[in-house]
Amino acid sequence: WRVNPARVWVAGREHWLLAAVNEATAEVKYFLSNAVTTPVPQIVAVAFRRWTVEHLFRLGKQEAGLTDFEGRDHVGLVRHLTLVLIVLGFVALHTKRLRGEKPGIDGGAGLPGAEPPLCDPVPAAAGRSGTPARQQPDPVLSAA
């Protein structure tokens with residue numbers, strides 16, 4: 001991303017207006033910040049973290065009960081949000097701990113092409129090269 005900062009005045013106060021251009025896709029994003037004493041690279045780094053924050057709120061709503069709050073005051077909302085964040089942290093910690101490599105004894109199960117191919121195809125029976133083998137009906141399917 002290439003960023004072009006400009007100082008602008010909004011409602012009588014100084015702000016940064018940042019225009020960020022992705023040179024690979026020509027996508028343009030604009031950011032407005034009132035943190036005029038903060039270095040521009042730090043503002044850009046924070047601005048691009050928005051997706052992560054939105055993703056965490058979406059997970060909190062779907063997985064940890066953030067949408068289940070039915071309180072009436074700000075204190076209760078903050079307590080509920082704190083509990084949801086603790087649950088998300090717990091889940092993330094244990095997901096990272098449990099995620100790992102498969103044990104070596106599985107022999108590559110689940111990986112396409114992990115099994116060695118057959119060396120020689122099974123030869124056709126003499127005189128029956130084009131006729132299909134006779135199949136017995138499946139007792140489970142025929143009972144239904």
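Contact here means heavy atoms within 4.5 Å. Keep that in mind for the helix that lies across the sheet. One more caveat: this is a predicted model.

Start with the overall layout. The secondary structure comes to 4 helices and 3 strands. Along the sequence, the pattern reads β-β-β-α-α-α-α. The protein has 144 residues, and 14% of them are buried. The accessible surface is about 12600 Å², with 60% of that belonging to carbon and sulfur atoms. Now contacts. Take those in the protein with a separation of 6 or more: 20% of them join residues 24 or more positions apart.

Next, the sheet. It is open, has 3 strands in the order β1-β2-β3, and pairs in the antiparallel sense. The edge strands are β1, residues 2-10, and β3, residues 28-33; each pairs on one side only. On average, neighbouring strands are turned by 20 degrees against each other, direction ignored. Strand β2 covers residues 13-21, and its antiparallel pairing with β3 runs over 6 bridges. One bridge to look at: L18 has F31 in β3 as its partner.

Now the helix. α1 spans residues 40-47 and lies across β1, β2 and β3. Its angle to β2 is about 65 degrees.

What makes up the largest nonpolar core? Eight residues: W16, L18, A20, F31, V40, I43, V44 and A47. Two elements, β2 and α1, give two or more residues each. The largest share comes from α1, with 4 residues. Notice that L18 and F31, the bridge partners from a moment ago, are both core members.

Let's zoom in on I43, one of the core residues. Which residues does I43 contact, leaving aside neighbours within four places in sequence? W16, L18, S33, A35 and T38. Among these, W16 and L18 also belong to the core.

Last stop: V21. This residue is found in strand β2. Is V21 buried or exposed? Buried, because its relative accessible area is 18%, and the cut-off for buried is under 20%. What is in contact with V21, beyond neighbours within four places in sequence? W1, R2, E27 and V28. Look at W1 in particular. W1 and V21 are 20 residues apart along the chain, yet their C-alpha atoms are separated by 5.4 Å.

To recap: an open antiparallel sheet of 3 strands, helix α1 across it, and a largest nonpolar core of 8 residues. That's my tour.

Technical notes
Residues numbered from 1 in each chain as written. Predicted model: local features only at pLDDT ≥ 70, side-chain atom pairs only at ≥ 80, totals over all residues. Heavy atoms only, no water. Pairing = 2+ DSSP bridges. Axes fitted to C-alpha atoms, helices over the stretch in contact; angles between N-to-C directions. Buried < 20%, exposed > 50% of the residue type's maximum accessible area, 1.4 Å probe, protein only. Areas by Shrake-Rupley, 256 points an atom, 1.4 Å probe, with all protein chains shown as cover. Core = buried A, V, L, I, M, F, W, Y, C linked by side-chain atoms within 4.5 Å.
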